[in-house]
Amino acid sequence: MAKKTDYFEHESLQDRDAVVDYLQALAKAIQKGEILLSDGDEKLLLQPNDLTLMSLKASTTKKSQSLRIKLTWNQKNDDEPDKEPLFIKAKKPKKSS
Amino acid sequence: MNKLFPEIYESLRFLLIDLQKQLLALIEGIRDADPDSFKKSLSRTAYIENAHLSLLNRAYRTIQNSSGDYRAEIQGYEHVSYSLISLSRQLETVSYQLQRNDPLKNLQKRRVLAALQDLYNGLELIEPAIESDDLTLSIDICQLQARIEKACSQQLKRYQQKLQEKYEDDLIQSSFVVKDIQYMAKTLLKVGEGVISGKLGQFIEIDSYQKLEATLSEMDFDLAEQQIHIHPMGETKSGCTISGVASASEAQDEVLAIFKEGQKKKLLEEKIGIETWHEKFPGIAPEVYSYQKQGDKAALLFEYLTGQTFDKLLLDNRKVLQDGLNCLFSTLTEIWQATEQEKRMPTSFMSQLQKRLSSIYAVHPEFNLKGLQIGDAKQPSLEKLIKQAAKLEEKLQPAKAVYIHGDFNVDNILFDVIKCEINFIDLHRSEYQDYSQDLSVLMVSFYRLKQYDPKIRQRIRLSMQAIYDFGADYAEQNNDNDYALRMALGLARSFISSTRFVLDKEHARSMLYKGRFLLEHLSQIDKQEYKNYQLPKELFRD
C-alpha cells in the first residue's frame, strides 16, 4: 500500500464477537493514550487527548443500518510558534494573612 | 448634501416640480369643486414615479463611481425622494376619494386648504434647504409638520362632535381627507429629516437632532451652523446608537465627544454607572458632558477616550496586546483592592444561564435536547445539568465583593498604548459582585470573536489563559479558595449564553460543547475534591 503515514484506512467483514473485540481494543488504546494502527507496511500512531470531540451518526434504511463514530482531538504540539504566556506575574510580596 | 450632486439633484428637482403640480391641482380641485383638477392632479403621478426611479439610478451610479465617501449624503437624497414619493401616493388617494364622491360641501374648505397650503410651503422650502449652508430651513420643514398636525386634529375633533350629533356619510369622507393630510404632514417631517441627515452625514431623526443640539449648545457649539461634524460609530446590543462628534473646523477630524442616544432607562443606568465609577475609582470612566431626556428617549454626550479596545489590540502586534493585558491586570488589582467589601457576594451564574435558555434556543433550536442515551450510557439535558450545577454553586465560598464593570467585554475596555492607561466604557451594569463575574465574561468575549486566522486564535487562547492565571494569582494572594470552581461555572455560563450572539454554527457549537463539558465535569466531582479542582486549560483551544 502506498498510503501516506498520516492517513490510515481499513475495511473488513467481521462477526459480532470480533467487532466487540475490536471496539474493546480501541477503548483500551484510548484509555492508554496511544492508538497504534498498522496494515503491515505503514503504521500510524495516534495520541488521543484528554478533551475529545465525539460525534455519532446513525442512519437506517430499508436495506441496511449504519453507525459512525468520529473522535477528534487537538494535537499535542510542543513546537507551536506562539506559546509564551501573556500574563506577567507582578513582582509583589505575598500578602501575609 | 454639503456637496451637491448635480445629476441626482436634477432628478430631485423634476420630482419636486411635478409633486408641486400634483398638490396645486388638488388644492384647485377642492377650492373650485372642480373634478377636472383632480384628474389633472392624478395625471402627475407617472412623471413623479419616473423622476424617483431616475434619482435612484443616478444615486446608485454615483455611489459606484465616487471615490470619496459620500454615501451618507447620497442616502440623504434617496431618503428625501422616498418620502416625496410616499407623499405623492397619499395625494393620489385623496384625489381619488374626492373625484368619485361629493364630500366637498362638508369639507370646511378653509381649514383644509390652509393645511394643504402649509404642505405646499414645505415643498417650496426643500430646494433652498438643500442649497443652504446651514440647517435652519430643514428644521423649518420639520416644524411645519407640527402646525399641520395641530390644524388637522382640531378639525377632526369638530367632525367627531358633529358625527355624534348626527351621522352623515359626507362627514366620514371629510374625516378621511383630513386624516390623510395629517399623514402627509408626517411624510413632510421625514423629508426634512432626510435633508438634515444628508447635510450632517448621518441619518438622524428630528428628536435626536434637537437633543444633540441642546447638548452641544452647552458646549458652545452650534449644530445648525454646522460647526460640528458627526459620524456614526455603531450600535449597541441594547439598541442605542453611538456617534462621534467632531469639530468641523479642526484640520484633522479630531473627535470631541461621543453622542449616545436610545432608551431613557438604559442611558440613565449608564449615566449613573459612570458617575458611580468617578466616585469609586476616578479616572477609569469617561466624563459626562451632558444628559438630555425627552419622553422615553434620552441622549448622553460624554468624553471621547483615546485608546484601542481589546478586539483591536488582538490584531496589533503581540507586545501591544501583552502590555494591554498586563496594564489591565494591574488596574483591576488596584480597583479590587480599593473597592473590596467585607461582605461576600454569592454568584448566581446558573440562574443567569437558566434565564437565558429560551433566547439561546430561539437562535439555536437544535441546542434544545431532552437528554441523550447511548446503550446504557445517559447524558442529562442542559436544564438538568444547570440544576445540578446550581446546587454546587450554593456550596461554594463566595469572594469578597468588589466593584465590577458588569458587562466586561473586549470592546468595553480601552487601552491607550501611549499613556499606558486603561479606561472602561458601557458602564450601565456596574455593581458590587464577585470578580469572577467580570473575568469569565471577558475570557469568553475573547473566545467568541469572529476571528478565524490560526495565529489570532492562538492569541485568543493565550489571552484567555492570561486572564485566568491573573485571576488565580489574585485569588491565591487573597485566600480565595474556590476561584477555580466559580470560574468554571462562570465560564460555562458565558460559553453557553453567548451562543445567542454567534450565528456561525460551528463556532456556536464549540462554545456549547465547552460549556456543557464544564457542567458535566463539575457534576461528577465530590466535595472532597473541590479544593484540588483544576480547570482543564485545553478548553481555551478551539
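## The E10–E11 hairpin of chain B

Let's start at a turn: E10(B) and E11(B) form a hairpin with 4 residues between the strands, and within this hairpin Cys420(B) adopts a positive phi near 55°. Bear in mind throughout that this is a predicted model. Most residues other than glycine have a negative phi. Cys420(B) goes the other way without being a glycine. Its place is the loop between E10 and E11 of chain B, and Cys420(B) counts as exposed, with 12 other C-beta atoms within 10 Å.

On either side of that loop, the strands are E10(B), residues 413-416, and E11(B), residues 421-424. They run antiparallel and are joined by 4 bridges. Two of the pairings can be picked out by name: Asp416(B) has Glu421(B) of E11(B) as its bridge partner, and Leu414(B) sits opposite Asn423(B) in E11(B).

## The sheet around the hairpin

The hairpin belongs to an open sheet of 3 strands, ordered E6-E10-E11 in chain B, with antiparallel pairing. E6 and E11 of chain B are the edge strands, each having a single partner strand, so one side of each has no neighbour in the sheet.

What joins E6(B) to E10(B)? The link consists of 2 bridges, with strand E6 covering residues 308-309 of chain B and running antiparallel to E10(B). Here Thr309(B) stands opposite Leu414(B) in E10(B). Leu414(B) is also the residue facing Asn423(B) in E11(B), so following it is a handy way to walk across the sheet.

A helix goes with this sheet too. H11(B) lies across E10 and E11 of chain B, running at about 115° to E10(B).

## H14 and its two helix partners

Two packed helices are described by the angle between their axes and the distance between the axes. Take H14(B) and H15(B) to begin with: their axes come within 9 Å and cross at roughly 170°. That makes the two helices, H14(B) and H15(B), roughly antiparallel. On the H14(B) side the contact uses Ser436(B), Leu439(B), Leu442(B), Met443(B), Phe446(B) and Tyr447(B), while H15(B) brings Ile460(B), Ser463(B), Met464(B), Ile467(B), Tyr468(B) and Gly471(B). Sorted by class, the contact of H14(B) with H15(B) has 9 nonpolar residues, 3 polar ones and no charged ones.

Now for H14 (residues 435-447) and H16 (residues 483-497), both of chain B: the axes come within 9 Å and cross at roughly 45°. H14(B) and H16(B) are therefore oblique to each other, and their crossing is right-handed. H14(B) contributes Ser436(B), Gln437(B), Leu439(B), Ser440(B), Val441(B), Met443(B) and Val444(B). Across from them, H16(B) contributes Tyr483(B), Arg486(B), Met487(B), Gly490(B), Leu491(B), Ser494(B) and Phe495(B). The class count for the contact of H14(B) with H16(B) is 8 nonpolar, 5 polar and 1 charged.

## Where chain B meets chain A

How many residues does each chain put into the contact? Chain B gives 23 residues and chain A gives 16 residues. Helix H11 (318-339) and helix H15 (454-477) of chain B each supply at least two residues of the side of chain B that touches chain A. H15(B) gives the most to that side, with 10 residues. By class, the side of chain B that touches chain A has 9 nonpolar, 9 polar and 5 charged residues.

Both of these helices have come up already. H11(B) is the helix lying across E10 and E11 of chain B, and H15(B) is roughly antiparallel to H14(B).

## Chain A in outline

Chain A has 1 helix and 4 strands. Read from the N terminus on, its elements go α-β-β-β-β. Of its 97 residues, 2% count as buried. As for contacts in chain A with a separation of 6 or more, 33% of them come from residues 24 or more positions apart.

## Another positive phi, at Ala33

Back in chain B, Ala33(B) has a positive phi of about 50°, again without being a glycine. Where does Ala33(B) lie? It lies in the loop between helix H1 (6-32) and helix H2 (35-43) of chain B. Is Ala33(B) buried or exposed? Partly exposed: Ala33(B) has 14 other C-beta atoms within 10 Å.

Definitions and conventions:
Residues numbered from 1 in each chain as written. Chains lettered and ligands numbered in written order. Predicted model: local features only at pLDDT ≥ 70, side-chain atom pairs only at ≥ 80, totals over all residues. Contact = placed C-beta atoms within 7 Å. Nonpolar A, V, L, I, M, F, W, Y, C, P; charged D, E, K, R; others polar. Axes fitted to C-alpha atoms, helices over the stretch in contact; angles between N-to-C directions. Parallel < 35°, antiparallel > 145°, perpendicular 65-115°, else oblique. Left-handed = near helix turned anticlockwise from the far one by under 90°. Pairing = 2+ DSSP bridges. Buried ≥ 20, exposed ≤ 12 C-beta atoms within 10 Å, placed from the backbone.
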